[in-house]
Amino acid sequence: MLPRYSEDLDFALAGPATKLDFAGIIAGVRAAFEAEAYGTKANINDGRTVKSAFISFPGLFYKLGLSPRTSETLSIKIELDSHPPSGGKTETSVFRRFVLLNVLHYDKASFLSGKLHAILARPYVKGRDLYDLFWYLSDRLWPKPNIQFLDSALKQTKWRGPEISESNWASLVVGRIDDIDWKKAVEDVRPFIERSSDLDLMTKENAIRLLKAHALLIRIHIPPLNS
């Protein structure tokens, strides 16, 4: 499990939906919490393809003895992509995290593609994107990216770069990483990391080495960076 705190929960529809009642879904989530005596509030935005909601728990920190202020609120953001890119592969896994869960999720190759899409297409840098990529690629057994899924995601967000392929994805990511203010990116993700020592290893040089090593495993050539 990724040792990084996430302030939101991201979901995508597994298939086309003729009618999606996002507000009804959020109401059901709130009802489940309120049945356990948690007070909740919700702020919903369902007017876009990626629908979102904040579910808030007013005063929860105070009740748990974590804050002296009754006004402090815990909020969780939920996002649902109602029209995800095509080509994503899914699988089902059983997890035990306080309770047993049977979870339908993207496979590892598609997870990697989603993170590559964020790094290549996001107009600003999020340190958590780089940390997640570093975490994925530090596992030498992590599969190559799902190129069909990555290509579909880039086209969906109006990618202006070259068409992505198995022969160029790694070099494009290396080029993007080389332009990043790495120190700023590391500080951006620091508050979300369980073990701050991980960030000592998360250097730009190590990230590029991991990309090159992963590329070699699947026979991709990456040209050297400009000094």
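Me: Helix axes here are lines fitted to C-alpha atoms over the stretch in contact, and angles run from 0 to 180 degrees between N-to-C directions. With that settled, at what angle do helix 3 and helix 6 pack in this predicted model?

Reply: Helix 3 covers residues 108–121 and helix 6 covers residues 169–178. Their axes lie 10 Å apart, and the packing angle is about 45°.

Me: Is helix 3 parallel, perpendicular or oblique to helix 6?

Reply: Start from the angle, which is about 45°. Angles under 35 degrees count as roughly parallel and 65 to 115 as roughly perpendicular, while over 145 is roughly antiparallel. The angle fits none of those, so helix 3 counts as oblique to helix 6.

Me: Okay, and how many charged residues are there in the contact of helix 3 with helix 6?

Reply: On the helix 3 side you'll find Leu116, Ile119 and Leu120, and they meet Trp169, Leu172, Val173 and Arg176 in helix 6. Six of these residues are nonpolar and none is polar, so the charged count, with Arg counting as charged, is one.

Me: Which hand does the crossing of helix 3 and helix 4 have, left or right?

Reply: Helix 4 spans residues 127–137, and it packs with helix 3 at about 145°, with the axes 10 Å apart. The crossing of these two helices is left-handed.

Me: How many nonpolar residues are in the contact of helix 3 with helix 4?

Reply: Helix 3 brings Phe111, Leu112, Lys115, Leu116, Ala118 and Ile119. Helix 4 answers with Asp129, Leu130, Asp132, Leu133, Tyr136 and Leu137. Three residues of this contact are charged and none is polar, while the nonpolar ones number nine.

Me: How is helix 4 oriented to helix 7, parallel or perpendicular?

Reply: Helix 7 is residues 182–189, and its axis comes within 7 Å of the axis of helix 4. The two cross at roughly 90°. Since 65 to 115 degrees is the range for it, helix 4 is to helix 7 roughly perpendicular.

Me: How many polar residues does the contact of helix 4 with helix 7 have?

Reply: From helix 4 come Gly127, Arg128, Leu130 and Tyr131, and from helix 7 come Trp182, Ala185, Asp188 and Val189. Five are nonpolar and two are charged. Gly counts as polar, and the polar total is one.

Me: What volume does the largest cavity have?

Reply: There is one cavity of 30 Å³ or more. Its lining includes Ala118, Ile119, Asp129 and Leu130, and the elements giving two or more residues are helix 3 and helix 4. Six lining residues are nonpolar and four are charged. The volume is about 50 Å³.

Me: Which element gives the largest share of the lining of the second largest pocket?

Reply: This pocket has a volume of about 250 Å³. Elements giving two or more residues to it are strand 1 (8–12), helix 1 (22–34), strand 3 (50–58) and strand 4 (73–81). With five residues, the largest share comes from helix 1.

Me: How many nonpolar residues line the second largest pocket?

Reply: Among the lining residues are Leu9, Phe22, Ile55 and Ile76. The lining has no polar and no charged residues, and its nonpolar residues number twelve.

Note on methods: Residues are numbered from 1 along each chain as its sequence is written. This is a predicted model: local features need pLDDT of at least 70, side-chain atom pairs count only at pLDDT 80 or more; totals for chains, interfaces and linings use all residues. Side-chain values use heavy atoms; hydrogens and water are left out. Helices (H or I, at least four residues) and strands (E, at least two) are DSSP runs, numbered from the N terminus. Contact means heavy atoms within 4.5 Å. On a 1 Å grid over the protein atoms alone, a cavity is a set of points where a 1.4 Å probe fits but cannot get out, and a pocket is an open set with protein on both sides within 12 Å along at least five of seven lines; lining residues have an atom within 4 Å of a point. Grid points are joined across faces, edges and corners, and a volume is the space filled by probe spheres set on the points. A crossing is left-handed if the near helix is turned anticlockwise from the far one by less than a right angle, and right-handed if clockwise.
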